[in-house]
Structures are given as C-alpha cells and as structure tokens.
Amino acid sequence: MYSEIRFGIIGLGLMGREFASAAARWIHLSSMMVKPVIVAACDSNENAFDWFKQRVQTLEFTTTDYQKLLGRSDIDAIYCAVPHHLHANIYIDIIRARKHLLGEKPFGIDLAANTAIMRAIAEQQDLLVRCSSELPFYPGGIAIINSLLRDDFGRIIEVESGLLHSSDLNPTKPINWKRMIEYNGEYGCMGDLGMHAVHVPLRFGWIPARIHAQLSKIVTERPDASGRMVPCKTWDNAAIHGEVDHPDGYTFPISLLTKRIAPGEMNTWFLRVIGTKRSMAFSTKYPRTLQVMEYQGGSQAWQLHDIGYASAYPTITGGIFEFGFPDSILQMWAAFCDELANGRTKMQQPFYCATPEEAHQSHLIFTDALANH
Ligand SMILES: NC(=O)c1ccc[n+]([C@@H]2O[C@H](COP(=O)([O-])OP(=O)(O)OC[C@H]3O[C@@H](n4cnc5c(N)ncnc54)[C@H](O)[C@@H]3O)[C@@H](O)[C@H]2O)c1
C-alpha cells in the first residue's frame, strides 16, 4: 500500500512543471511505498494555472497568494521554485507554517537571506527541509558517491566538480531574471549553478579553504523584452579553487567550476575524483559512460564503463537504457519522499538530498569567492 504526501507547489515555472511531471511519472519507480500527490499550486502569475489544471488531476486548489496555500492544514509539504530574491521570505513562511520543504537552490539570494532561513529551520527542527540538487542522482554520480562511501580511493589527490552552460554565448539572448543582480543575486552564476557543483564535495566534508576565485563578466549588456540593450551585471563564469584539509592530516586541491559561457556545454554536470588507489570521472555530456582507473601498482589505464540505467532507486526501465535529466529529478524526489516517510537511517539507499547546512556552506564558499577573486 502506498502512503501519500500531500504537496503544494509555489512557483509554477520551469521547475514547478518538472516536479509535476515527476509526480505524474511515479509509477516509474518500482520500490517506492510513498508517493507525492500535488493538491495545491500557487503562482503570482495566473497564466501559469492552466497548464496545471489541465494536467494535474489531483489538483484541488490554485491561488496567487502563497499564504492561502500555507494556511491549508491538509498540505504536508511544499516544493518552492521562485526567483532567488523571494527565497528568504517565502521559505521562512513555509517553515513557520510547519510544512516540510524542498526548496530550490541557492536557498536565499545571499548569505544574509540564507542565514535568516537557517534561523527559521533551527526553530522547527522536526521538519524535513532539503535543497534541490538533482544532477548527482545520475547513475555516474551515484556510482562515484557509492565508491566514496566504500572509501575506495586511497588518498585523495584532487577533485574537480562543476556545472557548465553555454547559451549565454549568444549576445542577442534576451536578459531574464537569472541575469539580473536584484533577482538572481551578487553571486551570479555561482548562485544559479553552484549548488550542483558543491553538493557531492560537501557531502564528503570537502570544504575548500584558502579560496582563490576567477570571476568573469563576458557579455555585459543584453536586449530586454522590447529589444533595448540593458546592462547585464551578473557574473557569467566562476572558477573557485581551494584546498581541502583532510581529517587524515593532508591537503588536496579542489576546483568548483560554474560557467554560463562554456562554449558547447549544454547543462554539463561533471565530477572527477582522483585518488592514489582509484580515480573516477563522470560527465552528463556522456550520460552512460563512467570512467574508472584502479591502481595497485603496474599499468595505469582508464576504463570506460557503459553503466546504463543504474539508478539509486530501482525503476521499471531496463538496465541497458539511457538516463536523462527528468530521471534525475524523479530520483531526487524519490530521495526526498523516502527520507520524509522513513527517516534518514531507514532510506532505501544512502544518498539523501542536499541539506540546509550544505546550502549554507555553499553560501560561505560563494561569499568567500566574491571577496577573493
Ligand atoms: N534544480 C535545477 O536544476 C534548477 C533549474 C532551474 C532553476 N532552478 C531554481 O528554481 C527556482 C525557480 O527557477 P525557474 O527556472 O523555475 O524560474 P521560472 O522563472 O521559470 O519560474 C518561477 C516562477 O515563480 C513565479 N513567482 C514569482 N513570484 C512569485 C510569488 N511571489 N509567489 C508565487 N510565485 C511566484 C513566477 O511567476 C514563475 O512562474 C530558482 O531558485 C532557480 O535557481 C533550479
């Protein structure tokens, strides 16, 4: 028997629709005993309602006022996907209304906003609050995570992780809120893309110290909706380099790359962990290929493994088939619902969604990068 988690969504844009689609595809997951049911939807723009009303059969309620949604006692949990300048107020109100929350990154437009969210979480510690970051749920990411959990790598030599986009290479691409400091924040590309780069490193306690960052503004003006050129002030690219002080008494270098202008890269998430006994690398650019090198003396040879659909949560999809972005969203939602229903220690698999503490640590890193570039 399924048990149900009744969800409200606040923010019905790109990501709000992805969650609705994942919930509709829940039968894909073959071992989940809990499922999300979307009963309420909120957006300040009424035009967003039609898509949901036509497609989400469980929807009971729409509103332009998120407080009305939070006032309903029959909603257990909220997914919130709104522009960054709204995170602090809305997330704090969600938490004070005693709803579980999967909130979109970066969990506050800046460190002050994030700190206010963290204070509200500290007052309601029995709620499950998690930050969205789905890309490590690709099978290649999960394979590296599981290998790290088994401590297969020996001494870590270096780590590189990042998320790369390229559509901003086109200078005629119109500006939107993600390129405006007042809505996206001073962090620019780091706030938008950074949680994806830091999620796995932070899970293993790799906090970069002695940071040096290179931040670039490459396209400094863009057309607005009317075609008039306006300033585009957000950072396009960021390369953050630091050192991790490993508890075993050594340090290793870490690079965290977030780029809006990486020519040819279309949402490429990658992770490379290089160690003395094992190295592994994965990129969503080659979604079925996992690179592994074992070293026990002798020859050094990278192997390419076709890993297919080796997802964290089992599905009906045959193991030989490819995994894609909507699958990573579905797997992240499975992890959130699994953790909410069963608790961290009784989850079906060990990789849980990014925590508020990890999101807070990401703010400390990005703030450090702004100060040290
Ligand atoms: N996890 C990912 O891979 C990923 C990808 C893209 C965006 N995001 C994050 O998701 C969030 C939203 O991004 P998006 O791409 O969905 O943006 P979007 O612009 O497509 O959607 C945002 C929605 O919020 C609505 N909104 C604005 N003010 C509101 C209010 N006061 N109350 C209710 N709704 C309001 C807008 O009308 C819009 O429909 C951001 O935090 C962004 O960083 C995450």
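Which residues in H4 meet which residues in H5? The legends below start from this contact in a predicted model and then turn to the sheet, the ligand and a single residue.

**View 1. The contact of helix H4 with helix H5.**
On the H4 side the residues are His87, Ala88, Tyr91, Ile92, Ile95 and Arg96, and on the H5 side they meet Ala113, Ala116, Ile117, Ala120 and Ile121. Sorted by class, the residues of this contact of H4 with H5 comprise nine nonpolar, one polar and one charged. Two packed helices are described by the angle between their axes and the distance between the axes. Here the axes of H4, which covers residues 87-96, and H5, which covers residues 111-123, come within 9 Å and cross at roughly 0°. Because of this crossing angle, H4 is roughly parallel to H5.

**View 2. The open sheet of six strands.**
Followed across the sheet, the strands come in the order S3-S2-S1-S4-S5-S6, and their pairing is parallel. At the edges are strand S3 (61-63) and strand S6 (129-131), each of which pairs on one side only. From one strand to the next, the twist averages 25°.

**View 3. Strands S1 and S2, with the helices that pack on the sheet.**
Strand S1 (residues 3-10) and strand S2 (residues 34-42) run parallel and are joined by eight bridges. To follow one of these pairings, start at Phe7, whose bridge partner in S2 is Ile38. Helix H4 packs on the sheet, where it touches S1, strand S4 (77-80), strand S5 (100-103) and S6, and its direction makes about 160° with that of S5. Helix H9 (residues 325-342) packs on the sheet as well, touching S1, S2, S4, S5 and S6, while the direction of H9 makes about 105° with that of S2.

**View 4. The residues around the ligand.**
The ligand is surrounded by 22 residues, of which the closest are Gly11, Gly13, Leu14, Met15 and Glu104. Divided by class, this shell around the ligand holds 11 nonpolar, six polar and five charged residues.

**View 5. Thr63 in strand S3.**
Is Thr63, a residue of strand S3, buried or exposed? Thr63 counts as buried because it has 20 C-beta neighbours inside 10 Å, and a residue is buried if that number is 20 or more. When its neighbours within four places in sequence are left aside, Thr63 is in contact with Cys42, Lys68 and Leu69. Glu123, by comparison, is 60 residues from Thr63 in sequence, and the two are 27 Å apart in space, C-alpha to C-alpha.

Terms used:
Residues are numbered from 1 along each chain as its sequence is written. This is a predicted model: local features need pLDDT of at least 70, side-chain atom pairs count only at pLDDT 80 or more; totals for chains, interfaces and linings use all residues. Axes are lines fitted to C-alpha atoms, for helices over the stretch in contact, and angles run from 0 to 180 degrees between N-to-C directions. Helices (H or I, at least four residues) and strands (E, at least two) are DSSP runs, numbered from the N terminus. Angles under 35 degrees count as roughly parallel, over 145 as roughly antiparallel, 65 to 115 as roughly perpendicular and the rest as oblique. Two residues are in contact if their C-beta atoms, placed from the backbone, lie within 7 Å. Ala, Val, Leu, Ile, Met, Phe, Trp, Tyr, Cys and Pro count as nonpolar, Asp, Glu, Lys and Arg as charged, and the others, Gly among them, as polar. Two strands pair if DSSP finds at least two bridges between them. A residue is near a molecule or strand if its C-beta atom, placed from the backbone, lies within 6 Å of it. A residue is buried if 20 or more other C-beta atoms lie within 10 Å of its own, exposed if 12 or fewer, and partly exposed in between; C-beta atoms are placed from the backbone.
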